[in-house]
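Me: Got a minute to walk through a structure with me? I'd like to know what's in it before I go back to the bench.

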Amino acid sequence: IETYINELTWLDKAKSLKKNLSTQKITNEQKRLSDTYFNQDFVETFNKECDLLNGNFGIAIKHVGEKGTSYRQLNLKQHSPADILSEGEQKVISLADFLSEIKHFRMNRGIIFDDPVNSLDEERKSDIAKRLVQEANQRQVIFFTHDLVFVSSIIDECDLNKIDCSCHWIEKQDGKPGKIWLDNAPSYEKRYKKSGKAQDYYKQAKDCS
């Protein structure tokens with residue numbers, strides 16, 4: 001507790017001092033570092049990732065600095081991508097930017113994705129599965145998803161590329177979430193690969209009052 005309070009006190013003093021400092025030197029240093037680490041190589045890597053993800057929409061990247069902070073700005077025909085692209089297309093661009101960053105800065109840590117294919121069609125899910133399985137050659141990749149199509153694509157790509165893959169199924173049981181089935185998933189179950197289960201639910205729904 002004492003350490004926590006001391007750190008808060010230090011942060012408060014730092015914020016007070018920052019208000020009285022000129023940030024121009026900090027901004028210039030940020031720009032210098034960005035020129036070193038954010039350069040044409042990064043742009044080329046980003047464009048390549050867009051191609052791999054079938055998301056080459058013509059995004060342009062530029063770096064801006066303000067008040068001691070640097071930003072990476074993505075534009076599409078002088079507009080924000082959010083003004084033109086669909087939610088799914090924006091996710092593809094964000095993923096390309098993220099993958100470019102970890103590749104450019106040579107990060108070798110594992111990466112975790114939380115439902116990276118939400119709002120995407122099956123073709124894009126397949127493209128993303130293929131690209132992220134390729135990334136598994138470099139680092140551990142973990143997915144949390146409820147999308148069985150995406151899980152199946154991941155499993156198929158891993159089998160195709162002879163990459164180890166483990167699936168664990170988490171579900172609610174007896175009204176309580178968090179029941180884990182190790183080394184198992186709906187995509188491994190034959191009944192989930194056919195329409196029978198869905199048809200049963202459909203029939204039950206039609207028979208309801």
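Me: Let's begin with E5 and E6. How many residues sit between them in the hairpin?
Reply: Two residues lie between E5 and E6 in that hairpin. Asp-174 is in the turn, and its phi is positive, about 55°. Bear in mind that this is a predicted model.

Me: Noted. Do E5 and E6 run parallel or antiparallel?
Reply: They run antiparallel, with four bridges joining E5 to E6, which covers residues 176–181. One pairing to look at is Glu-171, whose bridge partner in E6 is Lys-179.

Me: Back to that positive phi. Which sign do most residues other than glycine have?
Reply: Negative, for most of them. Besides Asp-174 in the turn, Asp-115 has a positive phi, about 50°, without being a glycine. Lys-162 is another non-glycine with a positive phi, near 55°.

Me: Where are Asp-115 and Lys-162?
Reply: Both are in loops: Asp-115 is between E3 and H6, and Lys-162 is between helix H7 (148–161) and strand E5 (169–173).

Me: Is Asp-115 buried or exposed? And Lys-162?
Reply: Asp-115 has 15% relative accessibility, so it counts as buried. Lys-162 has 76%, so that one counts as exposed.

Me: OK, new topic. What does E3 pair with?
Reply: E3 (residues 111–114) pairs with E4 (residues 141–144) in the parallel sense, over four bridges. At Asp-114, the residue standing opposite in E4 is Phe-144. The chain gets from E3 to E4 by way of H6, and that β-α-β crossover is right-handed.

Me: What does H6 pack against? I've heard there's a way to describe that sort of thing.
Reply: Two packed helices are described by the angle between their axes and the distance between the axes. Here the axes of H5 (residues 87–104) and H6 (residues 122–135) come within 12 Å and cross at roughly 10°. That angle is under 35 degrees, so H5 is roughly parallel to H6.

Me: Which residues meet there?
Reply: From H5 there are Glu-89, Val-92, Leu-95, Leu-99 and Ile-102, and from H6 there are Arg-124, Ile-128, Arg-131, Leu-132 and Glu-135. By type, six residues of that contact are nonpolar, four are charged and none is polar.

Me: Tell me about Glu-135. Buried or exposed?
Reply: Glu-135 counts as buried because its relative accessibility is 6%. Leaving out residues up to four places away in sequence, Glu-135 touches Leu-99, Ile-102, Ile-111 and Val-141.

Me: Switching again. Where's Phe-42, and which residues does it contact?
Reply: Phe-42 is in helix H3 (residues 40–52). With 0% relative accessibility, Phe-42 counts as buried. Setting aside neighbours within four places in sequence, Phe-42 contacts Ile-61, Arg-72, Asp-97, Ser-100, Glu-101 and His-104.

Me: How many residues apart in sequence are Phe-42 and Glu-101?
Reply: They're 59 residues apart in sequence and 7.7 Å apart in space, C-alpha to C-alpha.

Me: Last one: Lys-77. Buried or exposed?
Reply: Exposed, because Lys-77 has 68% relative accessibility. It's in the loop between strand E2 (69–75) and helix H4 (81–84). Lys-77 and Ile-59 are 18 residues apart in sequence, and their C-alpha atoms are 7.8 Å apart.

Technical notes. Residues are numbered from 1 along each chain as its sequence is written. This is a predicted model: local features need pLDDT of at least 70, side-chain atom pairs count only at pLDDT 80 or more; totals for chains, interfaces and linings use all residues. Side-chain values use heavy atoms; hydrogens and water are left out. Axes are lines fitted to C-alpha atoms, for helices over the stretch in contact, and angles run from 0 to 180 degrees between N-to-C directions. Angles under 35 degrees count as roughly parallel, over 145 as roughly antiparallel, 65 to 115 as roughly perpendicular and the rest as oblique. Contact means heavy atoms within 4.5 Å. Ala, Val, Leu, Ile, Met, Phe, Trp, Tyr, Cys and Pro count as nonpolar, Asp, Glu, Lys and Arg as charged, and the others, Gly among them, as polar. Buried means under 20% relative accessible area, exposed over 50%, partly exposed in between (1.4 Å probe, protein chains only). Two strands pair if DSSP finds at least two bridges between them. A crossover is right-handed if, with the strands pointing away from the viewer, the path from the first strand over the helix to the second runs clockwise.
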